[in-house]
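User: I'm new to reading protein structures. Could you walk me through one, showing how to read each feature as we go?

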Amino acid sequence: MNILELSGLTKKFGGLTAVGNVDFKVKKDSITGLIGPNGAGKTTIFNLITGVYKVSEGKVIFCNKNITNKEPYQIAEIGITRTFQNIRLFKRLSVYENVLIACHKNASYSILDSILMMPKYKREEKQLKLQANELLEIMGLSDRRELIANNLPYGLQRRLEIARALALKPQLLLLDEPAAGMNPDETEQLMLLIDDVRKKFQLTVLIIEHHMDLVMGICEEIMVLNFGCKLAEGTPYDIQNNPKVIEAYLGVEG
Amino acid sequence: MNTYIEGILILAGINLMAVLGLSLLTGFTGLFSFGHAGFMAIGGYTSAMLTVKFHWPFIPALLVGGLVAALFSAIIGKVTLNLKGDYFCIATLGFGEAIRLILDNVQYFGGARGWPGIPNYTNLWNVLGINLVAVLVLANLIRSRHGRNMIAIREEELASQIVGINVFKHKITSLMISASYAGIAGGLMAHYMTFLQPKMFSLVKSTELTIIVIFGGLGSISGSVLGALVLTALPEVLRSFSQWRLVCYGLAVIIIMISRPEGLLGGYELTPSSMKKLYNRLRLKKQAGKQGLEGGDIQ
Ligand SMILES: Nc1ncnc2c1ncn2[C@@H]1O[C@H](COP(=O)(O)OP(=O)(O)OP(=O)(O)O)[C@@H](O)[C@H]1O
Ligand SMILES: [Mg+2]
């Protein structure tokens with residue numbers, strides 16, 4: 001079964017077609033890779049799925065529902081969350097607050113409940129705090145919970161962004177170059193973490209990445225994008241042996 | 001109590017009420033407004049109308065004044081908060097001035113010449129009580145998921161949306177609560193001065209409120225309280241050498257902004273537990289300093 005379907009997805013910026021007529025399916029419970037040279041349109045696809053950019057043409061279908069051009073916060077409610085290529089944390093807040101904020105959907109008390117400190121507010125707030133701490137534990141950030149997010153080492157900032165995305169209990173997690181700027185050791189750890197988290201949270205993961213060993217190592221399915229168009233899709237083995245892909249990545253003479 | 005000091009405290013309390021509202025909007029939600037005097041005017045004139053012309057009791061009149069201010073703010077918010085950029089800030093500026101000009105021409109309220117004979121209902125005790133409630137409401141709101149969402153919007157709007165925060169809804173909620181505080185402050189002012197005139201609610205007043213919030217520190221309720229007290233009392237205390245009054249006021253603000261750009265208490269709250277933490281940290285620092293002398297560098 002497919003959790004996400006892009007059909008004829010197109011995004012134009014003025015005269016530039018950043019994404020052109022892309023058809024693509026993501027299988028439920030899979031880890032799927034989205035690769036391609038710089039400027040291929042990968043991040044733009046994430047922005048289209050999450051409603052950050054408006055779609056020029058085509059459709060985004062999630063669990064058989066058309067979710068094209070919904071607001072980003074609605075996409076999050078529907079069950080898709082993401083991380084950003086250039087990390088976007090709540091920089092001046094603590095690690096704990098970053099996650100706690102994102103837990104908000106798991107409570108339902110109203111403003112009035114909180115102003116009057118109603119039992120419902122207290123009960124749910126306690127629940128949120130437990131949940132935030134639990135997530136920090138899983139993501140190995142517990143010992144830094146009071147640190148200001150901006151003061152975290154780079155690798156941990158990426159981790160925190162994933163933790164924050166998980167707080168919404170998504171069904172589909174979009175990771176935009178989660179290993180960027182990490183050394184091979186950290187990349188390896190991240191791979192294990194992603195696999196672990198996916199099982200624990202029963203997630204489908206769609207991942208943009210330039211580290212080929214990471215992509216080939218954990219993805220079951222890969223799509224290659226070039227100049228905004230789909231170049232190839234298939235298993236890591238297929239992709240590695242696809243002459244068109246090799247050409248796009250290495251360039252070809254003549 | 002000395003009526004002079006009492007007067008200063010009441011004025012500070014009235015300012016504080018409006019500043020608390022602005023603090024929610026600017027300090028915690030990251031939206032600048034230069035029209036809060038307009039909301040004060042709406043609250044002031046509404047509540048005065050209710051007490052003078054309809055003989056309502058004071059507190060219900062105040063609350064309705066706040067409510068009407070909130071409704072006006074909802075209209076501005078609805079139109080401008082969806083737009084990117086500084087439209088909102090500019091719209092509030094225009095709104096504040098428009099309200100003043102309209103009131104100048106409403107003869108029912110005395111027009112530009114003003115409206116005397118409003119009953120003197122505001123006193124130190126009801127100002128104190130109302131501010132106490134206002135601080136509690138604000139503190140509880142800020143510590144709830146709703147308040148955290150507003151802070152998240154201030155910090156990083158796109159990330160807020162991605163974690164499922166309805167940015168527009170939270171901004172307009174913050175604005176409406178903020179405007180209702182300003183409206184209540186206007187009502188308190190009307191029933192303290194016993195006189196209303198549109199020019200009491202000029203752009204200068206709006207700017208003064210914003211200065212107090214920034215002076216006290218963005219994102220700090222206790223900072224706003226401190227700011228309102230200091231910056232209302234200062235011009236009064238300096239009244240004896242009147243020609244230097246505004247210069248001193250300006251200097252005080254400039255010195256704070258240079259030495260502490262984040263304001264007196266930017267991002268911090270003075271609560272018993274935070275004072276204890278601060279004390280412990282200072283003590284640890286002292287100890288660490290002593291050890292540092294012996295231990296040399298560790299990293
Ligand atoms: N907001 C925008 N306005 C105009 N052009 C844009 C915008 N966003 C992206 N583009 C263009 O769309 C194309 C695709 O960009 P995109 O960021 O999706 O590439 P990418 O595959 O993520 O590349 P990278 O690997 O460098 O992150 C680029 O040519 C980029 O300049
Ligand atoms: Mg990109």
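Analyst: We'll go through domains, then the ligand, then the contact between chains. Keep in mind that this is a predicted model.

User: Okay, domains to begin with. Which stretches of chain A make up its domains?

Analyst: A domain doesn't have to be one unbroken stretch of sequence, and chain A shows that: its domain 1 is 1-79 + 170-254, while domain 2 is 89-169. The C-alpha centres of these two domains of chain A lie 27 Å apart.

User: And chain B, how is that one divided?

Analyst: Chain B has domain 1 (3-268) and domain 2 (273-299). Here the C-alpha centres are 40 Å apart.

User: Back to chain A. How many residues of each domain take part in the contact?

Analyst: To read a contact, you can start by counting residues on either side. Domain 1 of chain A brings 19 residues and domain 2 of chain A brings 13. Then look at area: the two domains bury about 1300 Å² between them, and 73% of that is on carbon and sulfur atoms.

User: Which residues of domain 1 lose the most area to domain 2 in chain A?

Analyst: Those are A:Pro170, A:Leu193 and A:Phe201, which together account for 35% of what the domain 1 side buries.

User: What about charged pairs: how many salt bridges cross the interface of those two domains?

Analyst: For a salt bridge, you look at the gap between a side-chain nitrogen of Lys or Arg and a carboxyl oxygen of Asp or Glu, with a cut-off of 4 Å. Between domain 1 and domain 2 of chain A there is 1 salt bridge. A:Glu77 and A:Lys105 form a salt bridge, with their closest N and O atoms 3.0 Å apart. The interface of the two domains also has 3 residue pairs in polar contact.

User: Which helix or strand gives the most residues to the domain 1 side?

Analyst: Two elements of chain A, β7 (172-176) and α7 (184-201), each supply at least two residues of the domain 1 side that touches domain 2. The biggest giver is α7(A), with 7 residues. Sorted by class, that side of domain 1 of chain A has 11 nonpolar, 3 polar and 5 charged residues.

User: Now the ligand. How many residues surround ligand 1?

Analyst: To read a binding site, list the neighbours, then check the polar atoms. Ligand 1 is surrounded by 14 residues, and the closest are A:Gly39, A:Lys42, A:Thr43, A:Thr44 and A:Gln85. The side chain of A:Thr43 has an N or O atom 2.7 Å from an oxygen atom of ligand 1. For A:Gln85, a side-chain N or O atom is likewise 2.7 Å from an oxygen atom of the ligand.

User: Which residue has a polar side-chain atom 3.0 Å from a nitrogen atom of the ligand?

Analyst: That's A:Tyr53, whose polar side-chain atom sits 3.0 Å from a nitrogen atom of ligand 1.

User: Last stop, the two chains. How much area do chain B and chain A bury between them?

Analyst: You can read this interface with the steps we used for the domains. About 2600 Å² is buried between chain B and chain A, 62% of it on carbon and sulfur atoms. In chain B, B:Arg145, B:Arg148 and B:Ile162 lose the most area to chain A, together 27% of what that side buries. By residue count, 24 from chain B are in contact with 34 from chain A.

User: How many salt bridges and polar contacts are there between the chains?

Analyst: There are 3 salt bridges between chain B and chain A, along with 12 residue pairs in polar contact. On the chain B side, α5 (124-142), α6 (145-155) and α7 (157-162) each give two or more residues. The largest share, 8 residues, comes from α6(B). By class, the side of chain B that touches chain A has 9 nonpolar, 9 polar and 6 charged residues.

User: Where do A:Arg88 and B:Glu156 sit?

Analyst: The side chains of A:Arg88 and B:Glu156 meet in a salt bridge, 2.9 Å from N to O. A:Arg88 is in the loop between β6 (80-82) and α3 (95-102) of chain A, and B:Glu156 is in the loop between α6 and α7 of chain B. Over all chains, the structure holds 17 salt bridges.

Methods
Residues numbered from 1 in each chain as written. Chains lettered and ligands numbered in written order. Predicted model: local features only at pLDDT ≥ 70, side-chain atom pairs only at ≥ 80, totals over all residues. Heavy atoms only, no water. Domains from an automatic or database assignment. Contact = heavy atoms within 4.5 Å. Buried area = accessible area lost by both parts, 1.4 Å probe. Polar contact = N/O pair within 3.5 Å; in protein donor to acceptor, adjacent residues only side chain to side chain. Helix = DSSP H or I, 4+ residues; strand = E, 2+ residues; numbered from the N terminus. Nonpolar A, V, L, I, M, F, W, Y, C, P; charged D, E, K, R; others polar. Near = heavy atom within 4 Å.
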